[in-house]
Amino acid sequence: MDFTIKQIASLLEGNIIGDENAKVNQLAKIDEAAKEGSICFLANPKYENFIYTTQATAVIVKDDFQPKQNVSTTLLLVKDPYIAFTKLLEEYNKLAQQYNAHQRIGIEQPSFAGKNLHIGEGFYLGAFAYVGNDCEMGDDVKIYPHCFIGNNVKIGKGTIIHPGAKIYDNTQIGQYCSIHSGAIIGSEGFGFAPQADGTYKSIPQLGNVIIKDYVNIGANTTIDRATIGSTLIQEGVKLDNLIQIGHNVIIGEHTVMAAQAGVAGSTKIGKMCSIGGQVGIVNSVQIADYTQIGAKAGVNGNVKKPKTTIIGAPAMDFKNFMKSSVIFRKLPELQKRIEQLEEKILNLPPSKG
Amino acid sequence: MDFTIKQIASLLEGNIIGDENAKVNQLAKIDEAAKEGSICFLANPKYENFIYTTQATAVIVKDDFQPKQNVSTTLLLVKDPYIAFTKLLEEYNKLAQQYNAHQRIGIEQPSFAGKNLHIGEGFYLGAFAYVGNDCEMGDDVKIYPHCFIGNNVKIGKGTIIHPGAKIYDNTQIGQYCSIHSGAIIGSEGFGFAPQADGTYKSIPQLGNVIIKDYVNIGANTTIDRATIGSTLIQEGVKLDNLIQIGHNVIIGEHTVMAAQAGVAGSTKIGKMCSIGGQVGIVNSVQIADYTQIGAKAGVNGNVKKPKTTIIGAPAMDFKNFMKSSVIFRKLPELQKRIEQLEEKILNLPPSKG
Amino acid sequence: MDFTIKQIASLLEGNIIGDENAKVNQLAKIDEAAKEGSICFLANPKYENFIYTTQATAVIVKDDFQPKQNVSTTLLLVKDPYIAFTKLLEEYNKLAQQYNAHQRIGIEQPSFAGKNLHIGEGFYLGAFAYVGNDCEMGDDVKIYPHCFIGNNVKIGKGTIIHPGAKIYDNTQIGQYCSIHSGAIIGSEGFGFAPQADGTYKSIPQLGNVIIKDYVNIGANTTIDRATIGSTLIQEGVKLDNLIQIGHNVIIGEHTVMAAQAGVAGSTKIGKMCSIGGQVGIVNSVQIADYTQIGAKAGVNGNVKKPKTTIIGAPAMDFKNFMKSSVIFRKLPELQKRIEQLEEKILNLPPSKG
């Protein structure tokens with residue numbers, strides 16, 4: 001798909017300096033070896049040097065950009081180059097998705113479908129995918145190869161289940177979700193009752209997982225079903241890869257969680273929280289709305305006040321942690337200073353008190 | 001399946017206040033929207049308020065429970081509501097499992113079985129499952145869709161291999177184990193010999209994995225096979241999701257390990273240990289029996305004394321860590337106090353010593 | 001396959017004390033119950049006692065080994081027992097691989113191949129594997145059961161894709177790589193643009209993943225594709241299990257990374273670095289060549305100087321961290337000493353200044 005700079009300028013409401021008829025067919029990064037036929041953007045001034053040497057056909061720049069050297073590429077002047085490029089990405093992606101939605105349609109063989117499968121229009125079931133009994137699929141649901149869908153699963157309109165994801169019985173997934181490859185939804189929670197002799201007995205896990213609309217579940221992320229009731233992932237939640245969500249956890253609307261974080265059983269996380277990579281949160285606590293948790297934090301208690309920012313293990317106020325961390329590095333020096341003080345005190349004349 | 005409160009009271013050896021003929025068909029949590037037809041339990045006093053408003057048909061309570069307001073739901077009085085409810089869960093689960101064992105039986109097609117497959121009664125092989133040559137399966141083994149079983153694998157009676165688990169060649173799995181979705185058993189250990197030029201050469205990994213009876217392996221957990229000999233998971237071990245077990249590791253009987261923990265190669269962990277989430281243990285160390293390791297600990301040496309409790313990275317005695325952590329938060333204040341002491345000392349009259 | 005000690009001595013250029021015609025067919029560890037017919041090695045003096053009781057038919061020992069008791073097993077004297085045993089392992093492995101390469105050949109059915117699949121000699125496609133359109137496979141590529149290969153994927157000579165790995169569209173993989181079970185290559189990066197109302201919008205991820213020659217990707221490891229351009233894993237990189245690599249990350253030649261480490265988007269890691277288990281590295285930083293990062297470190301900034309060794313969260317110089325950690329354990333004592341100093345100062349005669 002070739003586009004002229006003029007076409008793109010019209011989409012982005014930008015002005016052109018250079019050849020408006022030049023054609024591009026690829027998006028590229030200005031600091032990598034962008035080839036002829038590609039279009040880049042310059043938002044961060046520290047990458048400015050690349051604009052004087054790039055082989056890219058065109059570069060999107062801010063409308064007040066003043067070149068310090070000759071520029072041979074065509075410039076496309078816009079109000080905000082980053083936003084403009086994102087818009088371009090989206091348009092490109094829309095075309096790609098339309099292409100994909102058109103390609104991935106119908107039932108590939110061999111695949112396996114149980115009794116009472118209800119499907120909408122535009123449904124795709126990839127080869128080697130397995131769907132159990134009594135499942136309901138909305139319009140444009142795409143189930144890629146090697147997915148396992150248990151019995152009595154409901155999946156909403158426009159949701160994509162990527163290759164090899166496993167969805168256990170009774171799971172409910174909303175509209176326009178992405179469940180990425182290798183994600184395991186609804187596996188048995190880690191519930192074991194200690195016995196008097198030191199062994200453990202499984203506690204039956206009879207609940208399910210409910211995932212609302214516009215949720216993203218990353219690759220190889222695991223979400224356990226509830227013991228009873230539901231593990232609940234609210235609308236708009238974005239989970240990265242390799243995350244663990246325990247049984248009966250509730251994650252509030254539009255909370256995002258970075259890779260390799262883990263949340264233990266029965267914890268409730270508020271809405272619009274931001275949780276860093278490799279964070280761990282213990283079981284049965286409550287995290288207030290808008291909480292920010294820094295990477296690698298170990299959260300071992302409730303966060304009661306919304307908009308709190310914490311980090312560290314055990315987690316504490318972010319700023320205080322940073323201050324304490326700076327002093328942690330100086331502990332050998334501090335210890336020495338205490339020793340010196342002790343020596344000085346020892347050498348003082350005896351108190352008269 | 002509907003049950004009367006009378007039937008349940010008989011099972012739990014409880015007394016009824018209310019309608020003994022009321023029927024329930026669902027287990028629910030008292031703090032969630034329990035509907036008519038469901039039965040809940042009240043063990044934790046902080047949930048008592050829910051008993052006055054719940055729509056649940058019956059609630060299991062302790063036999064000395066004194067309501068402070070009118071209760072419209074039927075009460076079932078027992079000695080220990082939590083234990084009673086667990087018993088109910090188990091009975092329910094037993095029925096569900098019987099149903100499942102009855103459903104999941106026989107060989108679904110298409111599936112793939114190599115030469116010399118020995119199977120017992122009640123065997124299930126799901127569609128798209130792959131079994132290599134010379135495998136032995138006990139009675140009631142269930143291999144769900146998309147599982148890969150390599151050559152020369154033995155699986156004991158009653159063990160369930162959930163959808164998409166991968167079991168490499170020569171693995172031995174005992175009786176009544178659960179291997180959850182996406183678990184990888186017996187993959188190549190991470191063995192690379194550094195060469196003089198800074199590159200690495202693979203060390204052949206010729207061993208296997210042995211898993212004893214009553215073991216639980218969580219979703220997407222990985223267990224590497226031994227370089228030579230066996231990586232060994234002893235009877236009753238419970239591993240949560242996304243755990244990494246390195247080559248030649250030995251985990252003792254009835255040890256439990258929470259999600260995202262990792263154990264590096266050749267480490268030996270004792271029996272009945274409890275290991276928290278996101279813990280890391282270095283290679284080639286020994287952890288004594290009954291060791292308790294707190295979440296996120298980084299264990300970089302042997303634990304010689306049984307029943308030790310450690311946490312932190314590097315790991316140390318639990319109580320001392322907690323004390324030190326409290327002071328870590330006050331480091332800026334401590335530094336200030338040292339500065340003040342230094343100032344005061346400076347301002348003192350010169351020592352006569 | 002039986003070998004005489006004489007044959008093995010010839011391979012390892014060693015001398016025999018004992019029965020040169022004794023036969024072995026198995027490699028074993030001296031500290032485990034090695035049976036007759038097996039051969040072990042003794043490199044670490046702390047295992048010497050085992051040599052006097054082992055049932056192994058032969059043991060490889062250093063050429064200056066002086067037994068302190070009677071030895072009934074045959075001894076094979078070499079310059080370096082560990083290196084000799086490794087050589088033996090390799091020879092054994094070579095035979096096993098030849099056997100395997102010979103076994104795993106051709107197209108198992110049912111499998112799925114799209115349009116325009118180009119394959120080389122010795123190609124294996126396992127049952128239930130799925131290959132999209134326009135893919136190119138070099139000689140001796142082995143694609144095990146349950147693998148998903150998207151459209152337009154190139155895989156170089158001798159590379160093995162283990163059971164259930166998922167390779168998204170447009171991925172390029174070099175020669176002699178191992179992609180282990182459950183690895184997800186090229187899934188959608190975690191890119192979400194925050195909106196004014198607190199919700200998030202997906203940023204299209206249009207790039208791909210490029211993996212060079214001799215790379216090892218561990219079980220259940222996830223590598224996200226680039227937003228635009230390529231996520232790049234350079235030649236000889238070894239990634240362990242359950243690792244997360246974000247979009248647009250670059251990992252330099254022969255860098256090794258232990259299990260459960262994570263690297264956030266757009267970070268560049270130099271060559272021949274060594275990165276410990278459960279390390280986390282934030283997005284958009286640069287790590288110099290030959291950097292050593294200790295287990296569980298949290299790296300939140302650039303590492304500019306090659307050969308730096310860091311650990312801790314936030315990461316700092318390794319030696320300083322160890323010194324500070326020692327004092328961290330003594331913080332309660334330090335606090336007490338400060339209190340004592342304060343008391344002593346209080347009790348001093350007032351300053352005349």
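Begin by selecting Asn248(C), which is buried, with 26 other C-beta atoms within 10 Å. This is a predicted model, and the stops that follow are places to look at in it. Asn248(C) is found in the loop between β28 (244–245) and β29 (250–251) of chain C, and its phi is near 65°, a positive value in a residue that is not glycine.

Now move to chain B and select Phe128(B), in the loop between β10 (124–125) and β11 (130–131) of that chain. Here too phi is near 65°, a positive value in a residue other than glycine. Is Phe128(B) buried or exposed? Phe128(B) counts as buried because 32 other C-beta atoms lie within 10 Å, where 20 or more are needed for that description.

Next, show chains B and C together, and consider how one is placed relative to the other. A rotation of 120°, with 0.0 Å of shift along its axis, superposes chain C on chain B with an RMSD of 0.1 Å; that is the relation of a three-fold axis. Which residue of chain C comes closest to the rotation axis? To find the answer, select Phe128(C), whose C-alpha lies at 3.7 Å from that axis, closest among the residues of chain C.

With the same two chains in view, turn to the surface where they meet. In this contact, 52 residues of chain C face 49 residues of chain B. On the side of chain C that touches chain B, the helices α2 (81–103), α3 (318–328) and α4 (331–346) of chain C each supply at least two residues, and the largest share, 7 residues, comes from α4(C). If you colour that side of chain C by class, you should find 22 nonpolar, 21 polar and 9 charged residues.

Stay with the helix α4(C) and add α4 of chain B, which covers residues 331–346. The axes of α4(B) and α4(C) come within 11 Å of each other and cross at roughly 30°. Angles under 35 degrees count as roughly parallel, and the two helices α4(B) and α4(C) are therefore described as roughly parallel to each other. The crossing of α4(B) and α4(C) is left-handed.

Which residues meet where α4(B) and α4(C) are in contact? From α4(B), select Leu334(B), Arg337(B), Ile338(B), Leu341(B) and Lys344(B), and from α4(C), select Gln335(C), Ile338(C), Leu341(C), Glu342(C) and Ile345(C), which they meet. Sorted by class, the contact of α4(B) with α4(C) has 6 nonpolar, 1 polar and 3 charged residues.

Now hide chain B and bring in chain A, to look at the other contact of chain C on this tour. This contact takes 49 residues from chain C and 53 residues from chain A. The strands β20 (184–187) and β21 (192–194) of chain C, together with α3 and α4 of chain C, each supply at least two residues of the side that touches chain A. That side of chain C has 27 nonpolar, 17 polar and 5 charged residues.

For the last stop, keep chain A and select Pro110(A), in the loop between β8 (106–107) and β9 (112–113) of chain A. The peptide bond from Gln109(A) to Pro110(A) is cis, with omega near 0°. Then show chain B again and select Pro110(B), in the loop between β8 (106–107) and β9 (112–113) of chain B, where a cis peptide bond with omega of about 0° joins Gln109(B) and Pro110(B).

Methods: Residues numbered from 1 in each chain as written. Chains lettered and ligands numbered in written order. Predicted model: local features only at pLDDT ≥ 70, side-chain atom pairs only at ≥ 80, totals over all residues. Contact = placed C-beta atoms within 7 Å. Helix = DSSP H or I, 4+ residues; strand = E, 2+ residues; numbered from the N terminus. Nonpolar A, V, L, I, M, F, W, Y, C, P; charged D, E, K, R; others polar. Least-squares fit on C-alpha atoms with pLDDT ≥ 70 in both. Axes fitted to C-alpha atoms, helices over the stretch in contact; angles between N-to-C directions. Parallel < 35°, antiparallel > 145°, perpendicular 65-115°, else oblique. Left-handed = near helix turned anticlockwise from the far one by under 90°. Buried ≥ 20, exposed ≤ 12 C-beta atoms within 10 Å, placed from the backbone.
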